[in-house]
Amino acid sequence: MDPIYSTLPPADALEIEQIARLMYEVRTARDDVLARVGAADPEQALACISKGELPEHPAYEHYLSARILADLAIQVRADLAARIEESQGR
């Protein structure tokens, strides 16, 4: 286990590490989806679709996937922060 978790109780450290891993995987999945349409973020993908620079299909589906993953990343980040704060407050 990474040394940054050494000050936490083992069960908390394991849970926090798993949430951090999930955050990384979600972010990576979002980046992979955006790379398929050559966009830096979901808004850029939608703008390119709207201007006709990208075909509507499958680009719109990729845009929707990227939005869902971006929203999920925000939620996981908030959950991770809350879990760390909870663990440090013990």
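A search of the whole structure finds 1 aromatic pair. The rings belong to tyrosine 60 and tyrosine 63; their centres are 5.5 Å apart and their planes stand at 35°, so the pair is tilted. A stacked pair would need planes under 30 degrees apart, and an edge-to-face pair would need over 60. The model behind these values is predicted.

Both tyrosines sit in helix H3. Tyrosine 60 and tyrosine 63 are 3 residues apart, about one turn of the helix. Their surroundings can be compared through accessibility. Tyrosine 60 has a relative accessible area of 33% and is partly exposed. Tyrosine 63 has 13% and is buried.

Helix H3 also holds proline 58. The peptide bond leading from histidine 57 to proline 58 is cis, with omega near 10°.

**Salt bridges**

How many salt bridges does the count come to? The count comes to 6 salt bridges. Three of them are described here, with the distance given between N and O atoms.

| Salt bridge | N to O distance | Place in the chain |
|---|---|---|
| Glutamate 15 and arginine 83 | 3.0 Å | helix H1 and helix H3 |
| Glutamate 43 and arginine 67 | 3.2 Å | helix H2 and helix H3 |
| Aspartate 71 and arginine 67 | 2.7 Å | both in helix H3 |

Take glutamate 15 and arginine 83, whose closest N and O atoms are 3.0 Å apart. Glutamate 15 lies in helix H1 (residues 10-37) and arginine 83 in helix H3 (residues 56-88), so the pair ties together parts that are 68 residues apart in sequence. Are the two partners buried or exposed, or in between? Glutamate 15 has 34% relative accessibility and counts as partly exposed. Arginine 83 has 8% and counts as buried, because buried means under 20%.

Next comes arginine 67. Glutamate 43 forms a salt bridge with arginine 67, the closest N and O atoms being 3.2 Å apart. This pair links distant parts of the chain: glutamate 43 is in helix H2 (residues 42-50), arginine 67 is in helix H3, and they are 24 residues apart. Arginine 67 has 25% relative accessibility, which makes it partly exposed. Glutamate 43, at 45%, also counts as partly exposed.

Arginine 67 meets aspartate 71 as well, in a salt bridge of 2.7 Å. Here both residues lie in helix H3, 4 residues apart, about one turn of the helix. Aspartate 71 has 42% relative accessibility and counts as partly exposed. Elsewhere, salt bridges that share partners join Asp12, Glu15, Arg83 and Glu86 into one network.

**Arginine 30**

Which helix holds arginine 30? Arginine 30 lies in helix H1. With 18% relative accessibility, arginine 30 counts as buried, since the limit for buried is under 20%. The side chain of arginine 30 makes a polar contact with the side chain of aspartate 31, at 3.0 Å. Leaving out residues up to four places away in sequence, arginine 30 touches Ala66, Leu69 and Ala70.

**In brief**

Helix H3 recurs throughout this account. The tilted tyrosine pair has both of its members in helix H3. Arginine 83 in helix H3 is joined to glutamate 15 in helix H1. Arginine 67 in helix H3 is paired with glutamate 43 in helix H2, and arginine 67 also forms a salt bridge with aspartate 71.

Key: Residues are numbered from 1 along each chain as its sequence is written. This is a predicted model: local features need pLDDT of at least 70, side-chain atom pairs count only at pLDDT 80 or more; totals for chains, interfaces and linings use all residues. Side-chain values use heavy atoms; hydrogens and water are left out. A salt bridge is a side-chain nitrogen of Lys or Arg within 4 Å of a carboxyl oxygen of Asp or Glu. Helices (H or I, at least four residues) and strands (E, at least two) are DSSP runs, numbered from the N terminus. Buried means under 20% relative accessible area, exposed over 50%, partly exposed in between (1.4 Å probe, protein chains only). A polar contact is a pair of N or O atoms within 3.5 Å; within protein, one must be able to donate a hydrogen and the other to accept it, and residues adjacent in sequence count only if both atoms are side-chain atoms. Contact means heavy atoms within 4.5 Å. Rings of Phe, Tyr and Trp (its six-membered ring) pair if their centres lie within 6.5 Å; planes under 30 degrees apart count as stacked, over 60 as edge-to-face and the rest as tilted.
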